[in-house]
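Work through the exercises below with the sequence and the model side by side. Try each task before reading its solution.

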Amino acid sequence: GCEEASVVMAWKWASGQGLTRQEALEEITNMSNWEKSQYGGYRDTSAEDTYTRLLKEFYGYKGGRVEYDITLDDIKRELAAGNVLIIPFDGQILNNPNFLNGGPERHMLVAIGYDDTKGHIITNDPGTRLGQGFTYSYGNFEDSLRDYETGDHEPIVGRRTAMIVVQKVGSP
């Protein structure tokens, strides 16, 4: 459910709405039920499918875009422009001490800022209840970037990176 949770957080931010834990749970449940009716189930989804299916089709979001072959500089550029980012990772490389069993191989989270002084990316990471404002070092963050195929634990081949750029509703 990290794709769904990340989309809910980013959508609520983009549309200027607040979000409680209970509302998040209801939104994720509604989205999962919708995915089951539209796609036969809910499973890991690539950056492109997450953007198309969940942001565009489910929410009707008309902004943003998917970028590929990204680097830390690309991430910082978009965050400096005032956007939030939904980014896929190899969660086992992310090395979050709050993950169980070393973390998921396929994971998405929302990048919300950065701190050049400390060399950290600031995130809202749905992979743990301690994920709000969780920081990752620049090096660890960049090393962990990894898009993956849509499906039920499809093999991850190669190391393509991607991010979904989410802009405020009504932004150019």
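The exercises that follow concern a predicted model and go from a helix to pockets and then to single residues.

**Exercise 1. Find how the span of helix α1 compares with the expected span.**

Solution. Step one is to locate the helix: α1 covers residues 2–14, which makes 13 residues. Step two is to take the distance from its first C-alpha to its last, which is 18 Å. Step three is the comparison: at 1.5 Å a residue, 18 Å is expected, and the helix is close to that. A last step looks past the end of the helix, where Gly16 follows with a positive phi near 70 degrees.

**Exercise 2. Decide whether α1 is largely enclosed or largely open, and say what covers its buried residues.**

Solution. First, apply the cut-off: a residue is buried if its relative accessible area is under 20%. Among the residues of α1 that pass are Cys2, Val7, Val8, Trp11 and Ala14. Charged side chains are not excluded from the list, since Glu3, Glu4 and Lys12 are buried in α1 too. Next, use the count: 11 of the 13 residues are buried, so α1 is largely enclosed by the rest of the structure. Finally, look for the cover. It includes the helices α2 (21–39) and α3 (47–58), together with the strands β2 (84–89), β3 (107–115) and β6 (162–166).

**Exercise 3. List the buried residues of α3 and the elements they pack against.**

Solution. Start with the residues: Ala47, Thr50, Tyr51, Arg53, Leu54 and Leu55 are buried in α3. Then find their partners. The helices are α1 and α2, and the strands are β1 (65–68), β2, β3 and β6. Just after α3 comes Gly60, with a positive phi of about 75 degrees.

**Exercise 4. Describe the largest pocket and the second largest pocket by volume and lining.**

Solution. Begin with the principle: rolling a probe the size of a water molecule over the atoms shows where empty space is left.

- Volume: the largest pocket has about 970 Å³, and the second largest has about 190 Å³.
- Lining of the largest pocket: 37 residues line it, with Ala5, Met9, Ile28, Asp125 and Pro126 nearest its centre.
- Elements: α1, α2 and β3 each supply at least two residues of that lining, and α1 gives the most, with eight.
- Classes: the lining of the largest pocket has 16 nonpolar, 11 polar and 10 charged residues.
- Lining of the second largest pocket: there are 10 residues, of which Asp147, Tyr148, Glu149, Val157 and Arg160 lie nearest the centre. By class, five are nonpolar, one is polar and four are charged.

**Exercise 5. Classify Asn124, Asp90 and Thr135 as buried, partly exposed or exposed, and give their contacts.**

Solution. Take the residues one at a time. Contacts here leave out residues up to four places away in sequence.

Asn124 belongs to strand β4 (residues 120–124). Its relative accessibility is 18%, so Asn124 counts as buried. The residues it touches are Met9, Leu109, Val110, Ile112, Gly131, Gln132 and Gly133. With Gly133 there is a polar approach: the backbone nitrogen of Gly133 is 3.0 Å from a polar atom of the Asn124 side chain.

Asp90 sits in the loop between β2 and α5 (91–94). At 8% relative accessibility, Asp90 is buried. Asp90 touches Pro104, Glu105, Ser144 and Arg146. Arg146 is 56 residues away in sequence, yet the two C-alpha atoms are 5.7 Å apart.

Thr135 is part of strand β5 (residues 132–137). Its value of 35% makes Thr135 partly exposed. Thr135 touches His120, Ile121 and Ile122. Between the C-alpha atoms of Thr135 and Ser32, which are 103 residues apart along the chain, the separation is 28 Å.

**Exercise 6. Where do Asp69 and Asn95 lie, and are they buried or exposed?**

Solution. First, the backbone: Asp69 has a positive phi of about 55 degrees although it is not a glycine, and Asn95 has a positive phi near 60 degrees. Second, the location: Asp69 is in the loop between β1 and α4 (72–80), while Asn95 is in the loop between α5 and β3. Third, the accessibility: Asp69 reaches 54% and counts as exposed, and Asn95, at 60%, counts as exposed.

Terms used: Residues are numbered from 1 along each chain as its sequence is written. This is a predicted model: local features need pLDDT of at least 70, side-chain atom pairs count only at pLDDT 80 or more; totals for chains, interfaces and linings use all residues. Side-chain values use heavy atoms; hydrogens and water are left out. Helices (H or I, at least four residues) and strands (E, at least two) are DSSP runs, numbered from the N terminus. The expected span of a helix is 1.5 Å times one less than its number of residues. Buried means under 20% relative accessible area, exposed over 50%, partly exposed in between (1.4 Å probe, protein chains only). Contact means heavy atoms within 4.5 Å. On a 1 Å grid over the protein atoms alone, a cavity is a set of points where a 1.4 Å probe fits but cannot get out, and a pocket is an open set with protein on both sides within 12 Å along at least five of seven lines; lining residues have an atom within 4 Å of a point. Grid points are joined across faces, edges and corners, and a volume is the space filled by probe spheres set on the points. A polar contact is a pair of N or O atoms within 3.5 Å; within protein, one must be able to donate a hydrogen and the other to accept it, and residues adjacent in sequence count only if both atoms are side-chain atoms.
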